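Student: Please take a close look at the ligand site for me. I'd like one connected account of what surrounds the ligand and how they touch.

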Amino acid sequence: MLPCSILAGCGGYLPERVVSNDELARTVDTSDSWIQERTGIRQRHFAARHETSAFMGAAAARAALADAGATPDDVDAIILATSTPDQAFPATALRVQADLGVKRGFGFDLSAACTGFIYGLSVGDALIKARQATGVLVIGSEVYSRILNWQDRGTCVLFGDGAGAVFLRAGADDGPANRRQGILSTHIHAQGTLGDILYVDGAVGQPDKPGHLVMNGREVFRHAVTRLAEAVDEALAANGLARSDVDWLVPHQANRRIIDAMGRKLELPAERVVVTVDRHANTSAASVPLALAEACRDGRIRKGQLVLLEALGGGLTWGSALVRM
Ligand code: ACO
């Protein structure tokens, strides 16, 4: 029998500085009402100089370990999803490893834009099932404020900074999906031919091009609604579960309208959909674990409940994870 991956703890970190829509509107040609109407965003957190992806990722990981009652000695793999690493190398995951004082195992960064955390869960679960790891930190950590184009009001108002993390612990697989705990399934997808609808136009490997985020918002919106709806059906079908079995939807926090569409698709009442986009904006790979951590911490999501996580992002990448808490 294969081990299963128990989601033993989660945690998050948000930079201290909060920036309201009104504050943004002082330097960007926009307004609080435009941003709220189109996206549901009221504010976002922006990182200070010292709040890098490694710094925030380590803080979120510490919180996840504490929530799980685990220590750095229990960790043997660190997967850090980010599009905004501290350096090209070493991997930001290894800066976190050093910061936490983890003394064994391995770590690496994962690039799948806003779907990075779902990809990370999928890889972490596979490592546990392959018996290559028994304690995996999966982290999403982003400082999008450093790659935004402040001349492009269509994108710079949408994003924020932050980090979220979970600790996966190997557990005994105790049978069929309706009784099993932990990650029941993950499904991850990509379509490279859609790379030009959401991308960063540079990187450290390119001369004179640090890179800024570029997006065709309408195209992303169109694909998000279709692909995420398919991902939801796929996850339920793979586990022989019905929409009514899902207790909570924890979606990627890009846009209130996409989140609401997914809630309707699952026929879930609004109070069963975790929403943070109003306060965090879009924190890319950090958005799902930050939302999960918030709803676990405040007691909404409880042990034994079925939680559906989903995300879509640049690549195009998308995917889902179904987790019994
Ligand atoms: N403030 C005021 N006006 C603005 C702003 C702004 N910040 N941004 C754009 N506008 C104006 C445009 O200039 C345009 O004006 P015009 O009609 O005079 O030319 C008008 O608003 C409409 O612009 P659109 O870009 O067509 O706006 P749209 O209605 O498509 O909304 C949005 C943009 C919210 C990004 C939408 O496309 C969307 O929801 N996309 C989904 C993708 C998304 O949320 N991406 C986030 C990151 S990707 C991810 O995480 C999956």
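Tutor: Happy to! A word on domains before we start: their bounds come from an automatic or database domain assignment. With those bounds, domain 1 (3-172) and domain 2 (180-324) each give at least three residues to the shell around the ligand. Please keep in mind that this is a predicted model, in which local features need pLDDT of at least 70 and side-chain atom pairs count only at pLDDT 80 or more, while totals for chains, interfaces and linings use all residues. Residues are numbered from 1 along each chain as its sequence is written, and side-chain values use heavy atoms, with hydrogens and water left out.

Let's begin with the shell itself. It holds 23 residues, where a residue counts as near if one of its heavy atoms lies within 4 Å of the ligand. Thr30, Arg38, Arg153, Asn255 and Asn282 are the closest of them. Sorted by class, 11 are nonpolar, seven are polar and five are charged; here Ala, Val, Leu, Ile, Met, Phe, Trp, Tyr, Cys and Pro are nonpolar, Asp, Glu, Lys and Arg are charged, and the others, Gly among them, are polar.

Which helices supply at least two residues each to this shell? They are H2 (32-39), H6 (153-156) and H7 (217-238), helices being DSSP runs of H or I with at least four residues, numbered from the N terminus. H7 gives the most, with four residues.

Now for the polar contacts, meaning pairs of N or O atoms within 3.5 Å. On the side of threonine 30, an N or O atom of the side chain is 2.6 Å from a nitrogen atom of the ligand. Arginine 38 places a polar side-chain atom 2.5 Å from a ligand oxygen. Arginine 218 also takes part, with a side-chain N or O atom 3.0 Å from an oxygen atom of the ligand. Taken as a whole, the protein covers 74% of the 1000 Å² of accessible area that the ligand has on its own, as computed by the Shrake-Rupley method with a 1.4 Å probe.

Finally, the space the ligand takes is the second largest pocket. On a 1 Å grid over the protein atoms alone, a pocket is an open set of points where a 1.4 Å probe fits, with protein on both sides within 12 Å along at least five of seven lines. A molecule sits in one if more than half of its atoms lie within 2 Å of its grid points.

Terms used
A polar contact is a pair of N or O atoms within 3.5 Å; within protein, one must be able to donate a hydrogen and the other to accept it, and residues adjacent in sequence count only if both atoms are side-chain atoms. On a 1 Å grid over the protein atoms alone, a cavity is a set of points where a 1.4 Å probe fits but cannot get out, and a pocket is an open set with protein on both sides within 12 Å along at least five of seven lines; lining residues have an atom within 4 Å of a point.
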